[in-house]
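Me: I've got a structure open and a pile of labels I don't quite trust. Can we go through them and see what earns each one its name?

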Amino acid sequence: MILEPPPWREDEPEQTFDDFLRAREVYQRPGTDQRASLEKRGWDVEARALLLDRFPSVLEPEQGSEHLAPTSAHPHGALLWLRPDIYNLTRQQWAMRALDNAPSRPLAPLIKLLTTQASWPRFEAHALSEQDWVFLRPATPGSALRDGTDEQRRFVEIAMGTPDFALLEGPPGSGKTTAICELIVQLARENKRVLLVASTNVAVDNVLERLIAWEEQLPEEDRFVLPVRIGDSGRISSDALEPFLHENIERTVRDDILDFLESGRGSEVGAQARSMLDERLRRTPKKERSELISRLVAESVNLVCGTPIGVLQHPEIKDYHSADRHHPRPRELFDVLIVDEASKTTFTEFLVPAIYARKWVIVGDIKQLSPYVESEDISQNLRRALQDIDGEAQAQAAARAYQATPRGQIVRSLIACDDDQARLLQIEARAKGTPYVDLDRCETRMVAGVPGVVPGLLYANLIFGAPDTLAQFEHRLPEDLDLVEGPLPSLHDLQRARAHARGETREQAGDWAHEYGWRLVRSYELRHNHSERAPIKKQLDELMPASLTEEASKKLSRHAENIRRVALPSILELLQIGFERLPGWDRGVTLNHGLPDEALSQRLVSLSFQHRMHPHISAFSRQHFYSDESTSRSTLLRDASTLERDWSYSRYTRRAVWIEVPRPRGRHGNRNPAEAEVVMRELEAFARWAQRQPGRRDGPWKVSILTFYRGQEAMLRDRLQRFTKQPGNTRNFAYPRKQPRVEITLCTVDRFQGHEADLVLLSFVKGGGRKHGSVGFLNSPNRLNVALTRARYQIALIGDRNYFAHCRSPLLVSLATSPHYATELAWEGDR
């Protein structure tokens, strides 16, 4: 089976596909009834394909709704479900309980993050001599260091000398990976054990690949970094790392030991001992023998790499956790924990590996993407909170009343309800200023000789009443209703009139938890964009149900605030700048205020120079995301003087261009076929050029096609599969298939942090004729920064520039009117 998102969840996150591919079994019905389970026999990550023991039965639509499209409330078709996976959450809870139950002295700095008036000691950085440096030495003996190397060196010396934390922040392409490699080498020389984690596999693999390539140039006897990669083979980003997967190292060591014992090599003195050991190992049950060698491998390596949750499969950690499952206690197995891409790691995710280390090095960029949070997960948590306070009816009334205001996109609703529900809708409509009509309590008038007229129906956005009452007023009800719900009577004439008037229906309106949840996430995403965050915060206030009791309202507000504090900020942000003072607290703690200024200045290093992008490409982000607001001077993302980005591709007038593509008329959701056609036209032009060129020194040219929306990604995928003649691929393509000159990656912006490419084609999707339309989540500074800083040689923005130049978002107006992006025509052929 090829996995595709259901039609009502077009923008399904990539994590969902990963979960299906990783799961042991899937289900053909909701719930976890084993009779509905399907055994997984195999999978293909690139093709998003599952091999199951049998084809799932097709879920039939409910009687009477056969003609309706499937929705989340009424699903039907060939569908698969998963058992809820709470493993990550339980591991985070376990780590917090372990720290609470047995806060050992080495872990005292973790406790201090949560205490008031914590003191942070001063320390001396660990000085290294010139000959000690490995990755951070001059390119040739006697030559000058490249820009920013002194900052990288200072970070390494601080990280080796700190008694607790060290922080490294750096913009895209500033050399964070190189600094991490240097630190690992220096720690290994000091006989220290290192645990390296990152929320994305690619970040871990980038470091590991650099280290492996360096060590392969050394004589075998001089290799002292002994790495192991924890994780599934299908999730590593390079075939070069396959031999370093734990299970592969374990298999190699086992075979080498048995071959050595059997060969009889070695001195005669140990011959008898080797023979006895050989016999003992061969008589040992396979499982016990595997566990013995697994522990041997685990204790021998000095660098363990994986995701924060993935490293729990390391044998030492796994055995310790299993032995102490019900009485969790931390254990310092590693000297240093390094967290890369820490802007995407929450505090509780950080704690999972942190309780196994003595010192912690945090690396990342708070101007890039934050921890990934699925808004539906937030919504489910909010629904549980509503159940706890018995506030589901009040919240639903608040949602419908709010949705019927201009701020809620004016969902004109007809609701069949009882008297209790009608009372709640009245309270919420009045509190939110929603024009409404309660048909059970309205007055009718004679208008132009017509009796029984309700003038309020002409302008009301919220109409409700008992089912019998709605039936009486059927022929007075407006035809342009967006939503009808509740125990409706048979309103056949109204339904026919609606279908004729509207042509197509609006998407199903979300419940209160959905409306509040996605705004909670958006509010956090816009924390660096204060002018555009203010309306979202106001909407959150307006959405709170006015019909709740004061006590229930306080409980719901506290629960939403706890979600915001726990699920959204990263460990890097918490240490670097904090995350607001707790309500009612006179004294702050580090996680709210950040490290004190003196402690932070001694532990934090910022990398100033970028070595990735042509200066045309870095200009906008440097000006808008990395400049000092008070002086407008650039403090980070300065272009390195040694940056070389010359090439002969002359299709564009500048290295950063905007190809104007007006959005087609009509409703396309999160898809834009006009932009997709231009993306493919630009790709084909580049591919023709690449076939005539000698190519890069280290392989084919790298092209990334990025977009902000899953719907557009799916449309582009279809076109790429046809262009490359690779129908089984979903993300990575090669052109031509044999001896490729171009490697193409299709991805959403959110999944592409940590990656880079020679050419980036970025599709915006949004646009249109409306001056004040929605820009979606494109106005998130962090997301936009990541999108604009992936290209090495060339970036082409593809979208409706005129629309963005007049939209409501000051940030996007700045982008669309920026002189850093030259306007290009969508060329019909090669220049």
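Reply: Sure. Start with pairing: two strands pair if DSSP finds at least two bridges between them. Keep in mind that this is a predicted model.

Me: Then what makes strand S2 (residues 37–44) and S3 a pair?

Reply: Four bridges join S2 to S3, and the cut-off is at least two bridges, so they count as paired. The two strands run antiparallel. One bridge to look at is Trp43 with its partner Leu50 in S3.

Me: Why are S1 (25–27) and S3 (49–52) called edge strands?

Reply: The open sheet has three strands in the order S1-S2-S3, with antiparallel pairing. S1 and S3 each pair on one side only. On average, neighbouring strands here are turned by 50° against each other, ignoring direction. Helix H1 (residues 14–22) lies across S1, S2 and S3, at about 105° to S2.

Me: Why is Trp214 called buried, but Phe224 partly exposed?

Reply: Buried means under 20% relative accessible area, and partly exposed lies between that and 50%. Trp214 has 15%, so it is buried. Phe224 has 25%, so it counts as partly exposed.

Me: How many aromatic pairs are there in the whole structure, and what makes Trp214 and Phe224 an edge-to-face one?

Reply: A search finds 29. Ring centres must lie within 6.5 Å, and planes over 60 degrees apart count as edge-to-face. Trp214 and Phe224 are 5.9 Å apart centre to centre, with 80° between the planes, so the label fits. Trp214 is in helix H6 (residues 201–215), while Phe224 is in the loop between H6 and strand S6 (227–229).

Me: And how do you know that Trp701 and Tyr793 are edge-to-face?

Reply: Use the cut-offs of 6.5 Å and 60 degrees again: with 5.8 Å and 80°, this pair meets both, so it is edge-to-face too. Trp701 sits in strand S20 (residues 701–707) and Tyr793 in strand S24 (residues 791–799), 92 residues apart. Both are buried. They also belong to a cluster linked by ring pairs, which includes Trp647 and Phe686.

Me: Last one: why does the largest nonpolar core lie between domains?

Reply: That core has 74 residues, and Trp512 is among those with the most contacts inside it. Helix H17 (residues 512–525) gives the largest share, six residues. Domain 2 (87–226 + 304–371 + 569–607) and domain 3 (390–509) both contribute residues, so the core lies between them.

Notes. Residues are numbered from 1 along each chain as its sequence is written. This is a predicted model: local features need pLDDT of at least 70, side-chain atom pairs count only at pLDDT 80 or more; totals for chains, interfaces and linings use all residues. Side-chain values use heavy atoms; hydrogens and water are left out. Axes are lines fitted to C-alpha atoms, for helices over the stretch in contact, and angles run from 0 to 180 degrees between N-to-C directions. Contact means heavy atoms within 4.5 Å. A nonpolar core is a set of buried Ala, Val, Leu, Ile, Met, Phe, Trp, Tyr and Cys residues joined through side-chain atoms within 4.5 Å. Buried means under 20% relative accessible area, exposed over 50%, partly exposed in between (1.4 Å probe, protein chains only). Domain bounds come from an automatic or database domain assignment. Rings of Phe, Tyr and Trp (its six-membered ring) pair if their centres lie within 6.5 Å; planes under 30 degrees apart count as stacked, over 60 as edge-to-face and the rest as tilted.
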